[in-house]
Amino acid sequence: MEAWTIERLTSPVELDAVLAIEEASFTNPWTRQMHLAELEHQDVSFCYLARDAARVVVGFCSVWCVVDELHINNLAVSPPYRRVGVARSLLAHAIREGVRLGAVRATIEVRRSNEAARCLYERFGFSMTGVRRAYYTKPVEDALVLSRDNLIGG
Ligand SMILES: CC(C)(COP(=O)(O)OP(=O)(O)OC[C@H]1O[C@@H](n2cnc3c(N)ncnc32)[C@H](O)[C@@H]1OP(=O)(O)O)[C@@H](O)C(=O)NCCC(=O)NCCS
């Protein structure tokens, strides 16, 4: 049995927890307004929360699923809960749900220096398919585009 419960965010009620993890994880975090805008498009925009046994939100993963492509927008885990499999559970869930909705491939952009995320995605079968020069700010850095084509059965 997985140690984490994964549930979809469907209302703004849990946004404070998501925003706290954003702040702790990114130099350029998504704002409340950005998350609220995503909630307006629940046909294609999905945000999954990972909760511990006490139902504390310990991580989240937000994705778009458009036609046959899953795009991972954001994945972050609260610092005290890292390296215990939360991201693995979130990503596996997002991919399973994406496949259920018709996705056959997945993409994500990741900072070149983000070793942790690059290792995680590599373990999930993603490989580098492009580079977006100076895509990120704070600090300016290239994004690596990672993709996985064989979502079904992979
Ligand atoms: C990247 C991140 C989401 C990983 O979350 P996590 O819950 O700690 O990851 P998991 O425990 O599920 O680890 C799964 C695998 O990812 C890789 N990994 C995770 N953290 C790692 C690290 N610090 N260094 C190297 N590999 C790492 C490992 O392969 C790991 O498997 P293992 O523990 O069996 O070695 C987390 O470090 C984070 O929130 N970072 C800040 C936000 C961020 O960079 N998000 C990604 C945006 S693209």
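In this predicted model, helix α3 lies across five strands, β1, β2 (45–51), β3, β4 and β5. Its run makes an angle of about 25 degrees with β3.

The sheet itself is open and has seven strands, lined up as β1-β2-β3-β4-β5-β7-β6 with mixed pairing. At the edges sit β1 (5–8) and β6 (127–136); each has a single partner strand, so one side of each is left without a neighbour in the sheet. On average, and with direction ignored, neighbouring strands are turned by 25 degrees against each other. Further in, β5 runs antiparallel to β7 (residues 141–148), and six bridges join the two. Here Ile-108 stands opposite Leu-146 of β7.

Then there's helix α1 (residues 15–25), where Val-18, Ile-21 and Glu-22 are buried. Looking down the axis of α1, the buried residues fall within an arc of 105 degrees, so they line one face of the helix. Their cover includes α2 (32–39), β3 (57–66) and β4 (69–77). Turn to the face of α1 pointing away from this buried side, and the exposed residues Asp-16 and Glu-23 show up.

As for the ligand, 20 residues surround it, and those that come nearest are Arg-82, Ala-87, Ala-116, Cys-119 and Leu-120. At least two shell residues each come from β4, α3 (86–100), β5 (105–111) and α4 (115–123). It's α4 that gives the most, with six residues. Sorted by class, the shell around the ligand holds 12 nonpolar, five charged and three polar residues. Helix α3 thus turns up twice: it lies across strands of the sheet, and it supplies residues to the ligand shell.

Note on methods:
Residues are numbered from 1 along each chain as its sequence is written. This is a predicted model: local features need pLDDT of at least 70, side-chain atom pairs count only at pLDDT 80 or more; totals for chains, interfaces and linings use all residues. A residue is buried if 20 or more other C-beta atoms lie within 10 Å of its own, exposed if 12 or fewer, and partly exposed in between; C-beta atoms are placed from the backbone. Helices (H or I, at least four residues) and strands (E, at least two) are DSSP runs, numbered from the N terminus. The arc is that of the directions from the helix axis to the C-beta atoms. Two residues are in contact if their C-beta atoms, placed from the backbone, lie within 7 Å. A residue is near a molecule or strand if its C-beta atom, placed from the backbone, lies within 6 Å of it. Ala, Val, Leu, Ile, Met, Phe, Trp, Tyr, Cys and Pro count as nonpolar, Asp, Glu, Lys and Arg as charged, and the others, Gly among them, as polar. Two strands pair if DSSP finds at least two bridges between them. Axes are lines fitted to C-alpha atoms, for helices over the stretch in contact, and angles run from 0 to 180 degrees between N-to-C directions.
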